[in-house]
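User: Could you take me through one part of this protein in some detail? I am new to reading structures, so please explain the terms as you go.

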Amino acid sequence: MNETENTGSYANAELARLGYDPELKRAMSLADVIIFGLIYMVPIAPIAVFGLVYNFSAGAVGLVYIVAATAMVFSAISYREMAQTFPIAGSVYSYVRYGINQFVGFLSGWAILLDYLLMPALLSCLAASAMVSLVPSVPAWVWVIGFVVITAGINLRGISFTARMNKIFLVIQLVVLGVFVVWALVAVAQGKGHFSFDPIFSSESFSWTVVFGAIPLAALSFVGFDGISTLNEEAKGGGKTVARATMIILWICTALFVLQVYLAAIFVPTGTVFADGDDTNNAFYNITGEVMANWFQIVLTLTTALIALFANILASNGISSRLVFSMARDRQLPAFLSKVHPKTQVPANAMIFIMAVSLVVGVLGVENLELLTSLVTFGALTAYIMLHFSVLVHFGVKMKSRKVFAHYISPALGAGVLIYALWSGSFNAKVSGLIWLAIGVAIALYFRKTGRSLVQSEIDAPEAAPTAAAGEPHASPAVTTQKER
């Protein structure tokens, strides 16, 4: 048996100890997971929301992304620890479910579901907005339908086909981003702009309230961590592979995000406030047209809409369907959503469901990008906060772990920063998000009352499990198998 078969067998054994049969195709290497994660997080993600973040932060876009990345370091550590212990496709839903209990797990899944149900639609709207700037004669809703249907069709062909497409999309994005960086440096050398510390810190406009208020928007670029961990059952090394990929992707994306927003911001006059609408939505594109060349503005717009956002919609549709599949498999959503296609081994019904939701929300929400963005980040940040608490409860309270930073300090700091950022976010998003959570609580209470949520697997791992070295097997706890559920 070769190394690939060994890692696959170990990953399936880890899945079996949690009571699940391996149904999804385990075909993704570490490189595939990293590429998938980069595609989902989008190397050029800040371009689409640059104007929004610039306005919210009074120009301190670099600082916003640095603070957001710092907050996400803690989240990445929590995801890494939970991925190695509970290598299940449901990600934060599964982690909180096993780390705390099924009731809170459902609420975390319900919270992140807000993100996952809306994310494909939001990305389709952003891509449509970019295309309308180039082809005004075609309505935005037409582009939305096209993006949603085509990406769903690609996902339905299987994870291996999607992984091959991702590699092509990633190379194109990195090449275009590289051209932008070099051209921006040349423009500075020509005197069109000058290096400044203002995008990182300005004593005149600095305000922690302003910075943290902009973090939910910037965090949209980092919410891919949860998506990466939905690949636990398709990665060849299971949780170990996903854990490694999570940390690698964080550092790569942080460097790329800060670099591109900084270089764009140094060409924006101090005190600028982009007007609502197209000026804000297309701020980054307009900068490239004014500072570089009109043809490159078109290339960047097409790359963002037809490559980056298209690829992100592709990944988002696939990842969202895996959360829905995992929740349906646990009887927390209708059972038909857990059906796996016998040939391609993908959660086909969940994918079609996500496509239908994306079509409705995308067509109706194409004129409300700011609200959609805020709702997506509300769902993600709320779930991330629950994730941190699950680390504290599982490793700290239940397991009495001795890994002080990873299991106590990091999740406490991560939860604190995200709670503050969430509190500083959009009022409308908070109201809408709390209504969504209230609906989730009502459903969870109904499940509990009917006995549906009381079927909980007991995970009583031994004391040594949380402190085991990366890649070492955890002792197999007694669990209730999927058939027994």
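Analyst: Here is a look at one surface patch, with a little on the whole protein to set the scene.

This is a predicted model, where local features need pLDDT of at least 70, side-chain atom pairs count only at pLDDT 80 or more, and totals for chains, interfaces and linings use all residues. Residues are numbered from 1 along each chain as its sequence is written, and side-chain values use heavy atoms, leaving out hydrogens and water.

The protein has 18 helices and zero strands; helices (H or I, at least four residues) and strands (E, at least two) are DSSP runs, numbered from the N terminus. Its accessible surface comes to about 18,200 Å², and carbon and sulfur atoms hold 66% of that. Such areas come from the Shrake-Rupley method with a 1.4 Å probe, and for residues only the protein chains shown count as cover.

Now to the patch. Trp141, Val142, Ile145, Val149, Val360, Val363 and Leu364 form a nonpolar patch on the surface, with about 600 Å² of accessible area together. The elements giving it two or more residues are α7 (140-155) and α15 (348-365), and α7 supplies the largest share, four residues. Patch members have over 30% relative accessible area and no salt bridge, and nonpolar side chains (Val, Leu, Ile, Met, Phe, Trp, Tyr) are joined within 5 Å, like charges within 9 Å. A salt bridge is a side-chain nitrogen of Lys or Arg within 4 Å of a carboxyl oxygen of Asp or Glu.

Take Val142, which sits in helix α7. Val142 counts as partly exposed because its relative accessibility is 35%; buried means under 20%, exposed over 50%, and partly exposed in between (1.4 Å probe, protein chains only).
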